[in-house]
Amino acid sequence: MSRKLDSLVQTQMAVAVFKSPLRGEYPRNNRMEGKQPVGRRRVFVQTETGCVLGMELDRSDSAHTVKRRLQVALNFPAEQSSLTFGDVELKNDLSAIRNDSPLLLTRNYLHRSSSTPCLSPTGKDLQQRDKSGPIEILGHSDSFNVLKVVVKDIVKAIKMGVDPVPVHSGLGGAYYFRNPRGENVAIVKPTDEEPFAPNNPKGFVGKALGQPGLKRSVRVGETGFREVVAYLLDHDHFANVPPTALVKITHSVFNVNDGVNRNRPHKNLVSKIASCQQFIRHDFDASDHGTSSFPVSSVHRIGILDIRIFNTDRHAGNLLVRKLDGIGRFGQMELIPIDHGLCLPETLEDPYFEWIHWPQASIPFSEDELEYIQKLDPMKDCEMLRRELPMIREACLRVLVLCTIFLKEAAAFGLCLAEIGEMMSREFRAGEEEPSELEVICLEARRLIAERELSSPKSDVRDAEFQFDIDFEEPELDLNPKMATDDFMSRAPFQLGNGCVSNHFPLSKLEECFEEDEEESEEETEQPC
């Protein structure tokens, strides 16, 4: 498919995005506005090094009083620090904070060293200051009812002396929590033990919570709530994502990189904010089996979810396979997608969809699948996520809205799963990275908006911005010249990812005329693209 801006498909898709509620009708970040003051609530405050403390808030409490309590309880210096709630920095008024909300306390100046200990209360202090139980689900959705039963089993097992078991694979800290019979029933991933997080148990440390992480568009400490996002967006259990919730959990098994607790026979209790996912019994993962035997419907349903959430890490290793008949004949297996921590990045970058290479992805969608796609409502999804995960960033929601609209329009246009995935993936030619079809469509939509705003002087251009850049300031990486557009686009707030070379090699099909365009661009290397 040609990447020319006057391409029929691209122009129609751009017009669809242009007409969608992504601009003026898109709900702005009003989560802190119009809220009625509430009475006593419980919140969980996490420092940038991973310490967590639950505390009760009165109506009169402010961010300053919360900081003072933390300074006393955790010996955390509260001066020149910020208390944040997703995108929002909290000042004095905390009336909009919901019950069981996780807050983050960060330094405003020098980044904390990765060797700085995470000061947690002792077991006795914890009981005096934090009245929460050993496991608390952060959220009140009925979707978490399944996990409430699992949590009860885990608490019972812990009281019986059945301790969790660390997971040795992967880059981050993860733990199997068990029931009284010693069976794995949940996998828990603390946010402060993610790759590069302060308490990572496998040596991948060096950043504070809230800084750009393994992928620059996904911050350290924020993969956990993305796991929950994938579950909440899997309406009617369409893609088979296991039940997942954000929890505040306390146990001595967790890792703390303070040089003291490690290798001690009796460690102190440590509280963490973590994702908790129900453990699903399975026979193997997709990397251990020929993919041609997987049901078409399972591949399609997982692919539809991956497109909606712009999954940047869908490989065979995070697709569990369970035999339904004990043998595994064609059509007698089911796929269980896991590990969604790198979905919904704050910028458009290069996704990774391994199923693009699978023959099932080239088969047209069924009527049921098309009906499911047609009924998707990204505005309702955003409102639901703001309600259940109020710390989610608006940049993530914008990506969700954009990708859902793109999926709906592409499916209605008659494209199959593989074609949609290819349009979202970047092309690598001669070691250089080209923008994806989706990114080109967004740029065309920007051009259409800019033209309309120029012809309507009374309109406010700011209302039409496609704001996909990350708001954390780091030394800028040089963008590949191929990733640049014209001078107007390079000055616009829309950002084409991080400019880093990716290990993903998408299979986008280009028409022969694009080769002529490339030859022309080589002759103009001294001019901006």
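**Close-up views of a sheet and its helices**

**View A. A bridge between two strands of the sheet.** I187 has Q277 in strand 11 as its bridge partner. Strand 9 (residues 184-190) and strand 11 (residues 270-278) pair in the antiparallel sense over 5 bridges, where two strands pair if DSSP finds at least two bridges between them. Strands and helices are DSSP runs numbered from the N terminus (E, at least two residues, for strands; H or I, at least four, for helices). This is a predicted model, in which local features need pLDDT of at least 70, side-chain atom pairs count only at pLDDT 80 or more, and totals for chains, interfaces and linings use all residues. Residues are numbered from 1 along each chain as its sequence is written, and side-chain values use heavy atoms, with hydrogens and water left out.

**View B. A helix on the sheet.** Helix 5 packs on the sheet and touches strand 9, strand 10 and strand 11, contact meaning heavy atoms within 4.5 Å. The direction of helix 5 makes about 145° with that of strand 10; axes are lines fitted to C-alpha atoms, for helices over the stretch in contact, and angles run from 0 to 180 degrees between N-to-C directions.

**View C. Helix 5 against helix 8.** The axes of helix 5 (residues 223-233) and helix 8 (residues 378-388) come within 11 Å and cross at roughly 135°. V229, L232 and L233 in helix 5 meet D381, M384, L385 and E388 in helix 8.

**View D. The open sheet.** The 6 strands of this open sheet follow the order 6-10-11-9-8-7, with antiparallel pairing. Strand 6 (135-137) and strand 7 (165-166) stand at the edges with a single partner strand each, so one side of each lacks a neighbour in the sheet.
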